[in-house]
Amino acid sequence: MKIIICGGYGNNNLGDDAQLLNNCILFRKNNLTDIKIISHREYIADLCGFSTISSFRNDFKNNKDNNYLLQKFSEIIYEKNISQETSKIVNEIKNSDVLFMSGSGTLNTRNCYGMLLALLPIVIALKHKKRVILSGQGFSPMNNPDLEKILVEALNQCELISIRDFEDGYNILKRIGVKENLIHIGIDDAFTLPKNKMLYNIPNNAIAINVSYYLTSNLYHVFSDLADKLVEQNYYPIFNYFYSKDKEAIEKCTTKYPIIGFDNPMSAKSFFSKCQAVIGMRYHSAILSLGAKTPVINIYINKYQKAKFDAINSKEIIVPCLDGTNITVKEIMDNLTYRNSNKINTLYENWKDKGNYAIQYLTQQSKKESSLLKLIKKRRSVRKFKKDSISQSDLLELVEAGIYAPSGSNTQCYRFKIITDKKDIEFLAKNKIKIVNNASAIILIVADLSVCSYLNTKRADIFNKLPYQDCAMAMQNICLLAEEKGIGQCIIHLSKEWWSNQLIKDYFNLKEYHELQGMILLGYPNEAINYETITHAGRPIKRKLIEDYLL
Ligand SMILES: Cc1cc2nc3c(=O)[nH]c(=O)nc-3n(C[C@H](O)[C@H](O)[C@H](O)COP(=O)(O)O)c2cc1C
């Protein structure tokens, strides 16, 4: 299974980087190694004309030029005016089986730019019928109806949307019309991997406090109070380097507590392993997957803003745990004194199985889309053909495919007439439908009712549709093999009720017990079929979701 992992990697999107790392470890554990990683920045220039995400961000921060972006977006989707770089990415997606979007904030933006960046690979993948899985996503309320439309349309075609568990994403997605059964509340797989920071000498009473960009002036007090209490208990709190824009909070924090950062995952692992515990947000699964055996205590700070402030006011900071219980700082301390205490172990065990929902889901799925299914999905009815003729051996092989079709009561009643003579084709066009003239060859399918002995029994009325079904099966076999050979095909219906039925039978010297079923127009395609937009008989040919056909 060829997987594309895509997110905002390598551009100070530390959460995204962390998810990438974490997911890669898990993929490898699951023997999924055919992976290509694509970062948003690789196609950003095409989307907006800027070469870096930050310049892009600054200019489009306030949705300044959404129309321009939306137009560029469409051009890329339809592969118009795109650079070689982006074209390579589009091809990578086309040649893959799954697009795995992992990046905590990729869809977590109110701005057009970020949303389009994240949506671009998704829409390309969906256009080319790839599986799309979203992992560890956050969602903010949208403020752009055009984007919302694209988003909902795209998300409803994804296979799974695993969203972070500490935000209101579920309700937002439901509100904008994303199908509920696609949304799963998972756990954000991210933790912060800061750059250019030296690893400290970790004292043996160290406790990591990890807050990522949730370090804001308001929330600062939660962590700061916690750190104070840890100090009272003779622990040594170390704040992990955070990705926060709140200068005031950062300043407060940096003056009061040591701050640590990592150059690479191994130093993160090494740091966590040396700590007595990690208290913070969003770290659990990441730390576990890194293999650090450090107890991890999660802090939920979500829509329960009030609870958060209550906790601060009461000076008794309560940390809600995943198992529904609360743990106080004192209890944390008590448990830390005995590192193997049950409480900590329960927490650790609880987290272990809950993270990385998306990867579990991926590995549960069939490992590869069958090549036959791909072919079946690729087949389209073609009605315009080149003049080139089809070789006799290919035509015979098509008939061979036909005779291997199943048949009711094993009558094998399908019969085939290969027609390549222009005047015969013209005759059929005249007596059925004009487009027949376009074909280079035709296979006429006839049911031989003389071998269908059930038609002479009392039960004839029960079985009299079998010959239709047998011939239809044969026709589909022929179409699929033709598709594989690059030969276009279109089935044209015939029946004994058709006005020229007898004329056609006479012309081709068919017997009275031969019943016309249809013909298959064949030829090398001379038209590009836009599966996404084409309609036939007033209906789009594009198939809907599997669920829409299930009774
Ligand atoms: C029994 C049958 C009869 C058909 N008859 C015609 C026909 O008379 N003219 C035509 O243009 N297409 C005909 N088609 C092709 C359908 O229009 C086509 O399968 C449908 O639009 C879906 O498009 P697709 O085959 O590209 O998926 C026929 C298909 C079947 C299965």
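## Cores, helix packing and the ligand shell

Setting aside its neighbours within four places in sequence, L116 is in contact with L47, L69 and F73. The structure is a predicted model, so it helps to keep in mind that local features here need pLDDT of at least 70. L116 is also one of the residues with the most contacts inside the largest nonpolar core, a set of 47 residues. L47, L99, L119, L120 and I122 share that role with L116. Helix α6, which covers residues 112-127, gives the most to this core, with 12 residues. Apart from it lies another core, made of 36 residues. Among the members of this other core are I390, F416, I419 and I442.

Now for the chain as a whole. The protein chain has 22 helices and 19 strands. It has 551 residues, and 41% of them count as buried. Among contacts with a separation of 6 or more, 75% are between residues 24 or more positions apart.

Helix α6 also holds G114. This glycine has 22 C-beta neighbours inside 10 Å, and therefore counts as buried, since the cut-off is 20 or more. G114 and H40 are 74 residues apart along the chain, while their C-alpha atoms are separated by 9.5 Å. Another glycine, G169, is found in helix α8 (residues 169-176). With 21 C-beta neighbours inside 10 Å, G169 counts as buried too. Its C-alpha atom is separated by 4.8 Å from that of F139, and those two residues are 30 residues apart along the chain.

How do two packed helices get described? The angle between their axes and the distance between the axes do the job. For helix α17 (residues 371-378) and helix α21 (residues 466-484), the angle is about 95 degrees and the axes are 10 Å apart. The two helices are therefore roughly perpendicular to each other. On the α17 side, the residues that meet α21 are L375, I376 and K378. On the α21 side, their partners are L480, E483 and E484. Sorted by class, the residues of this contact divide into 3 nonpolar and 3 charged, with no polar ones.

Next comes the ligand. Which residues are around the ligand? They are R380, S381, R383, I433, C490, I491, I492, H493, H536 and I541. Strand β16 (residues 488-493) supplies the largest share of this shell, with 4 residues. By class, the shell is made up of 5 nonpolar, 3 polar and 2 charged residues.

A few loop residues deserve a look as well. S440 sits in the loop between α19 (422-431) and β15 (441-448). Is S440 buried or exposed? There are 20 other C-beta atoms within 10 Å of S440, so this residue is buried. Leaving out neighbours within four places in sequence, the contacts of S440 are with F385, D388, S389, I390, L522 and G523. One of these, I390, belongs to the core of 36 residues. S440 and K384 are 56 residues apart in sequence, and their C-alpha atoms are 9.9 Å apart in space.

K384 turns up again around N526, a residue in the loop between β17 (514-523) and β18. Not counting residues up to four places away in sequence, N526 touches K384, F385 and K386. F385 is thus a partner of N526 and also of S440. N526 has 14 other C-beta atoms within 10 Å, so it is partly exposed. From N526 to K387 the distance is 9.0 Å, C-alpha to C-alpha, although the pair is 139 residues apart in sequence.

Finally, there is some backbone geometry. Most residues other than glycine have a negative phi. Q412 is not a glycine, yet it has a positive phi of about 50 degrees. Q412 lies in the loop between α18 (392-403) and β14 (414-419). The count of C-beta neighbours inside 10 Å is 15 for Q412, which means that it is partly exposed. A537 also has a positive phi, near 55 degrees, and is likewise a residue other than glycine. Its place is the loop between β18 (535-536) and β19 (539-540). A537 has 5 C-beta neighbours inside 10 Å, so it counts as exposed, the cut-off being 12 or fewer.

Terms used. Residues are numbered from 1 along each chain as its sequence is written. This is a predicted model: local features need pLDDT of at least 70, side-chain atom pairs count only at pLDDT 80 or more; totals for chains, interfaces and linings use all residues. A residue is near a molecule or strand if its C-beta atom, placed from the backbone, lies within 6 Å of it. Ala, Val, Leu, Ile, Met, Phe, Trp, Tyr, Cys and Pro count as nonpolar, Asp, Glu, Lys and Arg as charged, and the others, Gly among them, as polar. A nonpolar core is a set of buried Ala, Val, Leu, Ile, Met, Phe, Trp, Tyr and Cys residues joined through C-beta atoms within 7 Å. Two residues are in contact if their C-beta atoms, placed from the backbone, lie within 7 Å. Axes are lines fitted to C-alpha atoms, for helices over the stretch in contact, and angles run from 0 to 180 degrees between N-to-C directions. Angles under 35 degrees count as roughly parallel, over 145 as roughly antiparallel, 65 to 115 as roughly perpendicular and the rest as oblique.
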